[in-house]
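This briefing concerns one helix, its metal site and its packing against a neighbouring helix. Please consult the sequence and structure shown here alongside the points below.

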Amino acid sequence: MDIRGGRRSSNIEDRRGMRVGRTGAGLSIGGIVILGVLTLLGINPLPFLGLATKEAPVEMQQGEQPYQESAQETEYRQVAEVVLGETEATWGRLFGGQYTPATMVLYTEMTPSACGTGQAAMGPFYCPSDQKVYLDLSFFDDLQAKFGASGDFAYAYVIAHEVGHHVQHLQGTADQVQQMRQQAGQAQANELSVRMELQADCYAGVWAHDAAPRLQLTDEDISEAMLAANAIGDDRLQRQAQGFVVPDSFTHGSSEQRRRWLKVGMDSGDPRACDTFRTQQL
Ligand SMILES: [Zn+2]
């Protein structure tokens, strides 16, 4: 993957190095650990975060010094800017010019969002209430260290997946699913989450199909993304966390499913191929 031919997004909000303080009673260390564990288990912690912030919103203060990034962080940031810019090009075309881009917030450790306080331990997430993707670039170090997935295109896949959630929000799918989940039992609610996540993977693939010539994607890049999709499937995450697999609590889909839906998007380049809600075969 060569980012030099790509378009850089300007929809970036750089909050790195800003200090975050709690107003009033804060989220306890125990609370933060629980959120981290939920995320590792593949459970979306955002519903819990909403509860956390009602008690104690965080405030941001500009640091005294501008944030000094390492050479590695510069590389990650450049990839993130180009991938976001390229998703804007793809979805702008697919939405016929009616696409409202998401903003990407770069932060370190902790930051406020309209969905609650973002914690680096949660990994990247999308908040529909403010239409922002939250990313602590150190997640890419973790992806490499914990899951053995590295390379620019592996990082690109992670970002394109979050942008996929933004597309679901713009399409109204996210709201519909949220309503259905509230009336569903636990197992069915989980299944809806899995379908939602696999569609975001498929949308990441649709983007990759479109951006491939501009970013000169190679077979090796595709393998990197597949490895990342494989590495962060719920079955793998659960096996690492508790040593066995509990299919009912999957909220992102198995490694095999994630890989397959990413490929459906990549091969077709067509968002209509990503109807994970109507398919019998996930
Ligand atoms: Zn997701």
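The points that follow are grouped by topic.

The model is predicted. Its helix α5 covers residues 152–171 and contributes H161 to the coordination of a zinc ion. Helix α5 also packs with helix α4, which covers residues 138–147.

**Helix α5**

- With 20 residues, α5 spans 28 Å between its first and last C-alpha, close to the expected 28 Å at 1.5 Å a residue.
- Of the 20 residues in α5, 17 are buried, so the helix is largely enclosed by the rest of the structure.
- G172, just after α5, adopts a positive phi of about 90 degrees.

**Zinc site**

- The zinc ion is coordinated by NE2 of H161, NE2 of H165 and OE of E197, at 2.0 to 2.1 Å.
- Along the chain, the zinc donors show the spacing H-x3-H-x31-E.
- H161 belongs to α5 and E197 to helix α7 (residues 186–215); the pair therefore ties together parts that lie 36 residues apart in sequence.
- Both H161 and E197 are buried.

**Packing of α4 with α5**

- The axes of α4 and α5 lie 11 Å apart, and the two helices pack at an angle of about 120 degrees.
- An angle over 115 degrees but not over 145 counts as oblique, and α4 and α5 are therefore oblique to each other.
- The crossing in which α4 passes α5 is right-handed.
- On the α4 side the contact involves F139, F140, L143 and Q144, which meet Y155, V158 and I159 of α5.

Note on methods. Residues numbered from 1 in each chain as written. Predicted model: local features only at pLDDT ≥ 70, side-chain atom pairs only at ≥ 80, totals over all residues. Heavy atoms only, no water. Helix = DSSP H or I, 4+ residues; strand = E, 2+ residues; numbered from the N terminus. Expected span 1.5 Å × (residues − 1). Buried < 20%, exposed > 50% of the residue type's maximum accessible area, 1.4 Å probe, protein only. Donors = N, O, S within 2.8 Å, 3.2 Å for Na, K, Ca; no water. Axes fitted to C-alpha atoms, helices over the stretch in contact; angles between N-to-C directions. Parallel < 35°, antiparallel > 145°, perpendicular 65-115°, else oblique. Left-handed = near helix turned anticlockwise from the far one by under 90°. Contact = heavy atoms within 4.5 Å.
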